[in-house]
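Take a moment with the sequence and the fold before reading on. The tour below goes from the overall layout to single residues.

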Amino acid sequence: MREFIFIVFFIFLISGCNFDIPEADNKFGMQNFVSAVSMIELHKVRNGEYPTDLEQLEFLGDWDGIWLSSVKYEKLQNGYNLYVERGWTSKPTLHLPVKFKQGLGILDTNVTWVE
């Protein structure tokens with residue numbers, strides 16, 4: 001009976017928690033976006049063209065699977081689209097300076113560019 005009461009209390013306690021952490025979503029989302037851009041652009045420098053998909057990227061580390069599963073990449077004829085799908089637990093809201101995309105092949109993204 002004591003275990004049952006503890007379990008009910010624990011479930012009640014957890015149900016009141018808010019696991020939505022926008023700051024963590026934005027920090028992880030930013031890291032996911034920057035890592036993806038870095039590896040996509042490195043691929044272009046090495047191979048002369050953007051990868052057809054993210055599976056073409058080489059020399060990835062053990063942790064790169066995190067951002068690989070958190071972004072959506074689409075190769076286009078003259079660049080690529082890159083969308084951040086997940087930060088920590090949900091979709092982040094990202095803002096980067098316009099200067100960040102200077103010289104990159106990003107044509108469309110869900111990142112907001114600010115002056």
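What follows covers the overall layout, then the sheet, then a few side chains.

This is a predicted model, in which local features need pLDDT of at least 70, side-chain atom pairs count only at pLDDT 80 or more, and totals for chains, interfaces and linings use all residues. Residues are numbered from 1 along each chain as its sequence is written, and side-chain values use heavy atoms, with hydrogens and water left out.

Start with the inventory. The protein has three helices and five strands. Helices (H or I, at least four residues) and strands (E, at least two) are DSSP runs, numbered from the N terminus. Read from the N terminus, the order is α-α-α-β-β-β-β-β. Of the 115 residues, 30% are buried. Buried means under 20% relative accessible area, exposed means over 50%, and partly exposed lies in between (1.4 Å probe, protein chains only). Contact means heavy atoms within 4.5 Å. Among contacts between residues at least 6 apart in sequence, 52% join residues at least 24 apart.

Now the sheet. Strands of a sheet pair through backbone hydrogen bonds, either parallel or antiparallel. Here three strands form an open, mixed sheet in the order β1-β2-β4. β1 (71-76) and β4 (106-109) are the edge strands, each with a single partner, so one side of each has no neighbour in the sheet. Neighbouring strands are turned by 20° against each other on average, direction ignored. Two strands count as paired if DSSP finds at least two bridges between them.

β1 and β2 (residues 79-84) run antiparallel and are joined by six bridges. A hairpin links β1 to β2 through two residues. Within this pair, Lys72 stands opposite Tyr83 of β2. On the other side of the pairing scheme, β2 and β4 run parallel, with three bridges. There, Asn81 has Asp108 in β4 as its bridge partner.

How many of the residues of β2 are buried? Six of its six are. Gly79, Asn81 and Tyr83 point one way from the strand, while Tyr80, Leu82 and Val84 point the other way.

A helix packs on this sheet. Helix α2 (residues 22-47) touches β1, β2 and β4, and its direction makes about 160° with that of β2. Axes are lines fitted to C-alpha atoms, for helices over the stretch in contact, and angles run from 0 to 180 degrees between N-to-C directions.

Look inside α2 for Asp25. Asp25 is buried yet has no salt bridge, and the nearest side chain of opposite charge, Arg86, is 7.4 Å away. Lys and Arg count as positive, Asp and Glu as negative; His and the chain ends are not counted. A salt bridge needs a side-chain nitrogen of Lys or Arg within 4 Å of a carboxyl oxygen of Asp or Glu. What does the side chain of Asp25 reach? One partner is the backbone nitrogen of Thr89, at 2.7 Å. The backbone nitrogen of Trp88 also lies 2.8 Å from a polar atom of the Asp25 side chain.

Arg86 itself sits in the loop between β2 and β3 (95-97). At 30% relative accessibility, Arg86 counts as partly exposed. Leaving out residues up to four places away in sequence, Arg86 touches Gly29, Asn32, Ile66, Ser69, Ser70, Lys91 and Pro92. With Ser70, the side chains make a polar contact of 3.2 Å. A polar contact is a pair of N or O atoms within 3.5 Å; within protein, one must be able to donate a hydrogen and the other to accept it, and residues adjacent in sequence count only if both atoms are side-chain atoms. The C-alpha atoms of Arg86 and Trp67 are 8.6 Å apart, across 19 residues of chain.

A second buried acid is found in helix α3 (residues 64-68): Asp64. Asp64 has no salt bridge either, and its nearest side chain of opposite charge, Arg46, is 10 Å away. The side chain of Asp64 reaches the backbone nitrogen of Gly61 at 2.5 Å.

Finish in the loop between α2 and α3, where Phe59 is found. Most residues other than glycine have a negative phi, and most peptide bonds are trans. Phe59 is not a glycine, yet has a positive phi of about 60°. At 66% relative accessibility, Phe59 counts as exposed.
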